[in-house]
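This report covers strand pairing in one chain and the helices and surface of another. The sequence and structure come next.

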Amino acid sequence: MSELALEVKQLNFSYGKKQVLHDLTFNIEVGQCSFLLGPNGAGKSTLFSLITRLYDQDKNNIKLAGIDIKVEPLKALAQLGVVFQQTTLDLDLSVRQNLLYHAALQGISGQKAKVLIQQQLEQLDMFERQNELVRQLNGGHKRRVEIARALMHQPKLLLLDEPTVGLDVASRESIVQHIHHLCEQTGLAALWATHLMDEVLEGDQITVIHQGRVKATGQIDKLMQQTKTASLSQAFFALTNNRSK
Amino acid sequence: MAHYWFALWGIVFRELFRFVKQKERFLSALVRPLVWLFVFAAGFRAALGIAIIPPYDTYIMYEVYITPGLIGMIQLFNGMQSSLSMVYDREMGSMRILLVSPLPRWFLLISKLLAGVFVSILQVYVFLAIAWFYDIQPPVEGYLWILPALILTGLMLGALGLLLSAFIKQLENFAGVMNFVIFPMFFMSSALYPLWKLQESSEILFTIASYNPFTQAVEFLRFALYGQVNIEAGVFTGVAFVVFLVIAIIGYNPSKGMMKRKGR
């Protein structure tokens, strides 16, 4: 069996009496680019909050790189890079200062931080802009900085919560390619929540969730086969349309 | 251990840098107590006669009396403002980046608190420097003695802000809390008038003010500014700090506080 970057096993979660996640089970292997597809309110954000430990869970249902987040939360969080849906950069600081702040939170400082910042920014063609204030950057560039930040401490799993929303086609494409390239080349695993089907490429793992339940997992052709449809969009619609259940 | 130091440094640096960049914040933090000192105190000088009370050994001007209260006010506003920024950060998301870093939450929150205290101490010293030219000239050693007191009172008031931010979900609610926390705390304290004056008017107000942590913080600062230690006020402030901090940490704990109430 391949090594797992993320293991979610029979995860349940409720807001008060309202259960939003039901027995959620899925895995992501090392080096796998995995997409989480689901309509609004499917439970994607709740799942992300649980993986990042912003919310707590009762049982030991989530493992990051083999580390149980309930048992060793800090060790587990060190394996994780996150790009949240909303921009979480400090607008009044420069690109470099934002990254230095993150490096400090990850326990990286001095020369090592400088090298890692340069490495990540160069990979995303942002090194030239390192001294610009984040406020002056466009949406696509802000996203690239956030990706650089999430990858700086070399995590095993990268979480991306709809990272391309509101970006132009070129920015979206470059982000999609960059993440896929990293998964192939470095063994990084990614869990990417999106509504945009064209971001999913051949060979990517897909998990469709609807109303807090996993409706299907597999690659594009498996999902199309299972739903007897001709495209990923149609397969997604078939899986998340209540009448066709 | 080095990880903790780097993180603390990063959090303090960020807060300081943001503060320096936000010139309006620095200015308003300074203008507020100065208006009280130059305008309010001047107007009230005639209305309020101050008897000789410790730590003062002579009759003092009203401006001299309210200076420690205004120092407390700077720290109170700063504590509330940094918690306001935490509510904002939480709504905007940058708080998430802090909370998902691989460090214990209590440590992250205390670091955030220390960063805020550091900023408030800078504000206080600038205020004291301006006040010096206005003839408010405590003994030189007072400027040194007040530093540890400022750290403790700043921590206590910051922890109060932290506690509030843990239980406030949106900014709109926070505006109300500012009115319900800052003003009552400030007016029901010894910042503007000695407690015995308050006792003459109302026994109930006197009792409330005596147990108000802000009163204790102001008295601790008042004595420190004159090179003396008010042990009772110091202990009260210290205990209040610990209580506020513990509740705040529980509030930010994913399995116990705010997060628990939000989801489950």
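Two strands count as paired if DSSP finds at least two bridges between them. The model discussed here is predicted.

**Sheet in chain A**

Strand E1 of chain A, residues 4-15, pairs with E2(A) in the antiparallel sense. Eight bridges join E1(A) and E2(A). One residue pair gives the register: A:Leu4 has A:Glu29 in E2(A) as its bridge partner.

This pair belongs to an open sheet of four strands, with the order E2-E1-E4-E5 in chain A. Pairing in the sheet is antiparallel. Which strands stand at the edges? They are E2 (18-29) and E5 (67-68) of chain A. Each has a single partner strand, so one side of each has no neighbour in the sheet. In general, strands of a sheet pair through backbone hydrogen bonds.

**Hairpin in chain A**

Strands E9 and E10 of chain A also run antiparallel. Together E9(A) and E10(A) form a hairpin, with two residues between them. A:Gln211 sits in the turn and has a positive phi of about 50°. Across the strands, A:Thr207 stands opposite A:Thr217 in E10(A).

The two pairings with bridge counts are set out below.

| Strand pair | Sense | Bridges |
|---|---|---|
| E1(A) and E2(A) | antiparallel | eight |
| E9(A), residues 205-210, and E10(A), residues 213-218 | antiparallel | five |

**Chain B: helices and packing**

Chain B has twelve helices and zero strands. Its pattern along the sequence is therefore α repeated, with no strand entry, under the DSSP assignment of helices and strands. Of the 264 residues in chain B, 56% are buried. Take the contacts in chain B between residues at least 6 apart in sequence: 76% of them join residues at least 24 apart.

**Chain B: surface**

Chain B exposes about 11,400 Å². Carbon and sulfur atoms supply 72% of that area.

A nonpolar surface patch covers about 730 Å². Its members are B:Trp145, B:Phe167, B:Val229, B:Ile231, B:Val235, B:Val239, B:Val243 and B:Ile247. Which helix gives the largest share of the patch? H11(B) does, with five residues. Helix H6 (140-167) and helix H11 (231-252) of chain B each supply at least two.

B:Trp145 lies in helix H6 of chain B. Is B:Trp145 buried, exposed or partly exposed? Its relative accessibility is 41%, so B:Trp145 counts as partly exposed. The cut-offs are under 20% for buried and over 50% for exposed.

Definitions and conventions. Residues numbered from 1 in each chain as written. Chains lettered and ligands numbered in written order. Predicted model: local features only at pLDDT ≥ 70, side-chain atom pairs only at ≥ 80, totals over all residues. Heavy atoms only, no water. Buried < 20%, exposed > 50% of the residue type's maximum accessible area, 1.4 Å probe, protein only. Contact = heavy atoms within 4.5 Å. Areas by Shrake-Rupley, 256 points an atom, 1.4 Å probe, with all protein chains shown as cover. Patch = residues over 30% accessible without salt bridge, like charges linked within 9 Å, V, L, I, M, F, W, Y side chains within 5 Å. Salt bridge = Lys/Arg side-chain N within 4 Å of Asp/Glu carboxyl O.
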